Amino acid sequence: MEDEQEPPLQPRTQAALLLNAGEMCTCPMPSCDLERSTFQNPPGPGVPDEELQLGVNCTGVATLEGLTETSDVQKLSRACLYSGVRCVGSEEHAGVHAQTQGRVLLQTICAAGIGGTFQFGYNLSIINAPTVHIQEFTNQTWQARTGQPLPDHLILIMWSLIVSLYPLGGLFGALLAGPLAVMLGRKKSLLVNNVFVVAAAILFGFSHRAGSFEIIMLGRLLVGVSAGVSMSIQPMYLGESAPKEFRGAVAMTSAIFTALGIVMGQVVGLRELLGGRQAWPLLLASCLVPGVLQLASLPLLPESPRYLLIDRGDTEACLAALQRLRGTADLASELAELEEERAACQGLRAWRPWELFQDRTLRRQVVSLVVLGSAMELCGNDSAGVPQEKVQYAIIGTGCCELLTACISCMVIERVGRRVLLIGGYCLMTCWGSIFTMALCLQSSFPWMPYLAMSCIFAFILSFGIGPAGVTGILATELFDQMARPAAYMVCGALMWTMLFLVGLGFPFIMEGLSNFLYVPFLVVCVCGAIYTGFFLPETKGKTFLEISEELHRLNFPRRSQGPTWRGPKVTQSTEL
């Protein structure tokens with residue numbers, strides 16, 4: 001037995017090579033401003049006088065203080081983090097690292113959001129202001145080419161095509177997001193995605209001078225592709241970068257940036273700003289500004305630690321990213337979780353989108369994604385009727401309402417949970433939609449009924465922002481493991497953009513056919529969304545991805561004898577999709 005090789009050291013065992021139990025050393029963290037902060041090894045069996053990889057003996061404080069090379073300090077710092085060494089320095093020292101953690105995470109959220117879902121909301125709303133001007137430009141361009149003006153119905157068709165190319169591009173972008181996230185990573189995908197924004201902004205800027213409405217169509221297609229990519233990758237990137245205690249709140253910021261983009265687009269599109277007859281090309285090209293801001297800020301921030309370790313197998317890069325995002329506090333449990341997922345990646349590949357529908361172990365996840373994703377798009381939030389002469393200013397109020405509720409939802413989601421927000425949001429939407437329908441039916445009988453109807457529109461949007469608007473976007477991150485997540489976002493994105501296109505296409509016919517009862521189909525959708533959430537969607541608040549996977553496995557196989565034993569989530573180095 002003497003020839004038997006010694007098993008490789010596990011992360012926790014490596015702590016003994018750093019310090020004896022209870023010994024202390026000067027904090028080697030490059031970001032620490034204090035000179036006398038200390039690390040202490042948790043109690044355990046010590047291995048004194050063993051040689052470190054740095055080439056020095058672990059003999060106490062003096063040896064560790066003698067490290068002067070920057071590379072040595074960084075290696076030792078990451079080794080301490082990887083070993084679970086706990087900082088026991090002063091309260092001031094702990095505050096420094098907590099502030100660093102919060103600052104880097106906030107910077108990551110802002111950098112990802114400004115060029116991500118902010119662009120989606122911004123480009124969705126700015127197209128409303130120059131409607132008449134673009135239609136006039138289309139008619140004038142056609143008349144200059146042929147000598148004949150376009151008939152009114154063809155102008156309407158051309159305008160509808162310009163508008164509908166945005167969700168069509170979003171569908172293409174959603175299908176592109178999965179392969180990009182696998183091949184380039186989350187952060188690089190967001191950066192590369194700005195190529196579409198830059199190209200679209202150039203096309204918009206020169207469309208009037210070139211005398212081509214076809215250039216506007218191509219630009220709308222490109223910004224749609226960009227929105228489709230960012231809508232899928234941004235929540236994936238933030239959900240994988242955030243600690244489990246704040247994962248829901250961090251992921252909810254995608255909804256905040258969407259609402260913020262909508263409001264900013266509505267404000268910039270006012271006639272007094274860039275919504276005038278001469279300035280509309282600049283209005284469409286202004287999408288370049290958020291893209292430039294992201295290109296300038298996001299490269300300075302870390303990649304998703306989960307992607308770095310599980311997909312790329314780069315332990316040192318993962319530790320460096322965690323060190324920047326979390327500081328030095330309590331990384332051992334998170335690293336253990338990541339290592340457990342990484343251990344299952346041998347010989348497996350990433351899921352393809354159609355395979356999600358074929359595997360029984362993902363049945364509840366896929367059904368939840370499809371049902372609740374469809375409910376969010378078909379609940380009627382984008383179909384509120386406002387008088388045309390007041391729409392430019394009233395719509396700013398609705399956008400501000402959605403932004404306010406998204407912020408409130410972000411603050412309370414980790415306290416009340418996902419299920420409460422979804423059920424409460426759909427129930428309130430059902431209530432306000434019912435009152436709105438009654439007000440429409442009685443508006444000729446009581447002079448104050450139109451005011452009640454307008455109030456119900458605002459209340460309906462507030463209720464939508466509280467729950468479905470933000471929580472639905474978290475589902476693909478939390479319900480699917482690392483191997484299935486990119487494919488799940490492809491399915492979710494394709495579903496969202498398809499539903500958005502169908503609602504925009506079909507709502508005029510619903511309004512004409514149902515008249516005052518136009519909201520009845522949407523109320524049925526809201527009721528179904530609340531019922532499904534109450535009976536079939538598990539709560540994921542405060543749970544790790546491993547715990548969520550285990551609970552979903554139990555739900556998919558309620559009788560253990562009928563399903564395979566759960567042995568952890570299927571995780572892979574995602575080299576193909």
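Which residues do ring pairs link into a cluster? The legends below take up this question and several others, view by view, for a predicted model.

**View 1. An aromatic cluster built from Phe436, Phe460, Tyr519 and Phe522.** Ring pairs join these four residues, which answers our opening question. Across the whole structure, a search finds ten aromatic pairs. Take a look at Phe460 and Tyr519: their ring centres are 5.4 Å apart and their planes stand at 85°, so this pair is edge-to-face. Phe460 sits in helix H18 (residues 449–466), while Tyr519 belongs to the loop between H21 and helix H22 (520–536), so the pair ties together parts that are 59 residues apart in sequence. Phe460 counts as buried because its relative accessibility is 3%, and Tyr519 counts as buried because its value is 4%.

**View 2. Phe120 meets Trp497 in an edge-to-face aromatic pair.** Here the centre-to-centre distance is 5.4 Å and the angle between the planes is 85°. Phe120 comes from helix H4 (residues 117–126) and Trp497 from helix H21 (residues 485–514), so far along the chain that the pair links distant parts, 377 residues apart. Both Phe120 and Trp497 are buried.

**View 3. The largest nonpolar core, with Leu356, Tyr426 and Trp497 as its best-connected members.** This core holds 112 residues, and those three touch the most other members. Helix H8 supplies the largest share, twelve residues. If you centre the view on Tyr426, you will find Leu372, Ala375, Met376, Cys379, Pro468, Cys526, Gly529 and Ala530 touching Tyr426, leaving out residues up to four places away in sequence. There is also a second, separate core of eleven residues, with Tyr307, Ala321, Leu322 and Leu335 among them. As a helpful backdrop, nonpolar side chains in soluble globular proteins tend to be buried together.

**View 4. Helices H6 and H8 cross.** The axes of H6 (residues 152–183) and H8 (residues 213–241) come within 6 Å, at a crossing angle of roughly 35°. The crossing is right-handed. What kinds of residues make up this contact? There are 23 nonpolar residues, six polar and one charged.

**View 5. Arg306, a buried arginine in helix H12.** Helix H12 spans residues 305–311. Is Arg306 buried or exposed? Arg306 counts as buried because its relative accessible area is 5%, and the cut-off for buried is under 20%. Setting aside neighbours within four places in sequence, the contacts of Arg306 are Glu240, Asp311, Glu337, Leu338, Glu341, Gln482, Arg485 and Phe545.

**View 6. Ala285 in helix H10 and its partners from elsewhere in the chain.** Helix H10 covers residues 280–285. Ala285 is buried, with a relative accessible area of 14%. Beyond neighbours within four places in sequence, Ala285 contacts Ala201, Phe204 and Gly205. For Phe204, 81 residues away along the chain, the C-alpha atom is separated from that of Ala285 by 5.3 Å.

**View 7. Val420, a partly exposed residue of helix H17.** Helix H17 runs over residues 418–441. Val420 counts as partly exposed because its relative accessibility is 48%. Thr533 makes a handy second landmark for this view: Val420 and Thr533 are 113 residues apart in sequence, and their C-alpha atoms are 9.0 Å apart in space.

Conventions. Residues are numbered from 1 along each chain as its sequence is written. This is a predicted model: local features need pLDDT of at least 70, side-chain atom pairs count only at pLDDT 80 or more; totals for chains, interfaces and linings use all residues. Side-chain values use heavy atoms; hydrogens and water are left out. Axes are lines fitted to C-alpha atoms, for helices over the stretch in contact, and angles run from 0 to 180 degrees between N-to-C directions. Helices (H or I, at least four residues) and strands (E, at least two) are DSSP runs, numbered from the N terminus. A crossing is left-handed if the near helix is turned anticlockwise from the far one by less than a right angle, and right-handed if clockwise. Ala, Val, Leu, Ile, Met, Phe, Trp, Tyr, Cys and Pro count as nonpolar, Asp, Glu, Lys and Arg as charged, and the others, Gly among them, as polar. Buried means under 20% relative accessible area, exposed over 50%, partly exposed in between (1.4 Å probe, protein chains only). Contact means heavy atoms within 4.5 Å. A nonpolar core is a set of buried Ala, Val, Leu, Ile, Met, Phe, Trp, Tyr and Cys residues joined through side-chain atoms within 4.5 Å. Rings of Phe, Tyr and Trp (its six-membered ring) pair if their centres lie within 6.5 Å; planes under 30 degrees apart count as stacked, over 60 as edge-to-face and the rest as tilted.
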